[in-house]
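I opened this one up to see how its parts hold together and where the gaps are. My notes follow in the order I looked things up.

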Amino acid sequence: MRPQVMGVLNVTPDSFSDGGRYLDPDRAVAHGLDMARQGADVVDVGGESSRPGAVPVLEAEELRRVVPVVAALAPHVRVSVDTVKPSVAEAAVEAGATLVNDISGRLWPVAAACGVGWVAMHMQGAPRTMQDDPRYHDVVREVHGFLLAQAGRALEAGVGEVWLDPGIGFGKTVTHNLTLLHHLSELVAAGHPVLVGTSRKRFLGALAPGPDGEPAGAGDRLPGSLATATWAMLAGASMVRVHDVAGALQAAVLVGDTRREVVGARECQVAGR
Ligand code: HH2
């Protein structure tokens, strides 16, 4: 099986890379359907930005942004809801979402009560201040330890589908992000499916500046996004969360084929090659 691709749909005015583009519900639904056509296995609908410095959104506003978009997409593609608010998660599930993507890593009781899957992500602190001075004694031990403890609680509560996500960029320096990617296979080895989101994140720009020596802006981070998504999939991640679905899907197919060692078989089917 190839790794899955989760397409990002931010119904927000202020997300770090696509803020304002899909705040209009019709545009959001059109983009979600487009990602589904491109092959996204899941469309992740969020109504609150979690970029560094982001200010929380009121519950009523988040519900207004998310619920109609989830309802319109759910008949066509698997939908996850990216929220930390139990009420928003519940309303999105009511509207058709079957996965709660939880950057707080604390909503397993909601997933258990609603009978849906749950993504537990690790974050140090809260978006408003998380990048001020993130510190760990041992980032791998602390992040993996938190995720496995939360997974245990979720399983005990009866959640049947538990994903773990190290939370790249959430209260982490560039070095913390790279260390977590380096040790990703250890998280995979714990036995839960792993989701990784590096798409367009700031550390990619900092690591690979443009020709002018300046950090690459969010719109110029596709190569780094694909490289890190591919790294994660090769390390065993079962899903990558991306803004650019078509490229990630191509990478996922290649990783899947390489894992199954069918490259040779496929070459035979391509005439003249
Ligand atoms: N990253 C973002 C949001 N949600 N969920 C998971 N599970 N993993 C991630 O790495 C992750 C996430 C941040 O990206 P984006 O949604 O594009 O930006 P914003 O939070 O500004 O809306």
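Which side chain does Glu 48 meet in a salt bridge? I looked, and Glu 48 pairs with Lys 85 at 3.1 Å, N to O. A salt bridge here is a side-chain nitrogen of Lys or Arg within 4 Å of a carboxyl oxygen of Asp or Glu. Glu 48 sits in the loop between β2 (42-46) and α2 (59-73), and Lys 85 in the loop between β3 (78-82) and α3 (86-94), so this pair ties together parts that are 37 residues apart in sequence. For these element names, helices (H or I, at least four residues) and strands (E, at least two) are DSSP runs, numbered from the N terminus.

A note to self on the source: this is a predicted model, where local features need pLDDT of at least 70, side-chain atom pairs count only at pLDDT 80 or more, and totals for chains, interfaces and linings use all residues. Residues are numbered from 1 along each chain as its sequence is written, and side-chain values use heavy atoms, with hydrogens and water left out.

**More on salt bridges**

Next I checked whether the ends of that first pair are buried or exposed. Glu 48 and Lys 85 are both buried. The cut-offs are under 20% relative accessible area for buried, over 50% for exposed, and partly exposed in between (1.4 Å probe, protein chains only).

I searched the whole structure and got 12 salt bridges. One of them joins Arg 64 to Glu 61 at 2.9 Å, N to O. Both of these residues lie in helix α2, 3 residues apart, which is about one turn of the helix. Arg 64 is exposed because its relative accessible area is 55%. Glu 61 comes out at 24%, so I put it down as partly exposed.

Then I looked up Asp 244, which meets Arg 200 in a salt bridge of 3.1 Å, N to O. Asp 244 is in the loop between β8 (239-242) and α10 (245-260), and Arg 200 is in the loop between β7 (195-196) and α8 (202-207), so the pair ties together parts 44 residues apart in sequence. Asp 244 is partly exposed because its relative accessibility is 24%, while Arg 200, with a relative accessible area of 14%, is buried. I also found a network: Asp 44, Asp 82 and Arg 241 are joined by salt bridges that share partners.

**The cavity**

Asp 244 turned up again when I went looking for closed spaces, since its name is on the list of residues that line the largest cavity. On a 1 Å grid over the protein atoms alone, a cavity is a set of points where a 1.4 Å probe fits but cannot get out; a pocket is an open set with protein on both sides within 12 Å along at least five of seven lines; and lining residues have an atom within 4 Å of a point. Grid points are joined across faces, edges and corners, and a volume is the space filled by probe spheres set on the points.

I counted 1 cavity of 30 Å³ or more. The largest cavity has a volume of about 40 Å³. Which helix gives the largest share of its lining? That is helix α9 (residues 222-234), with 4 residues. The lining has 5 nonpolar, 2 polar and 1 charged residues. In this scheme Ala, Val, Leu, Ile, Met, Phe, Trp, Tyr, Cys and Pro are nonpolar, Asp, Glu, Lys and Arg are charged, and the others, Gly among them, are polar.

**The pockets**

The largest pocket holds about 590 Å³ of space. It is lined by 35 residues, and the closest to its centre are Phe 16, Arg 51, Pro 52, Gly 169 and Lys 201. Helix α8 gives the most to this lining, with 4 residues. By class I wrote down 12 nonpolar, 14 polar and 9 charged.

The second largest pocket has about 200 Å³ of space. Of its 15 lining residues, the closest to the centre are Glu 48, Ser 49, Val 84, Ile 103 and Pro 127. So Glu 48 from my opening entry is back, this time beside a pocket centre. This lining divides into 8 nonpolar, 4 polar and 3 charged residues.
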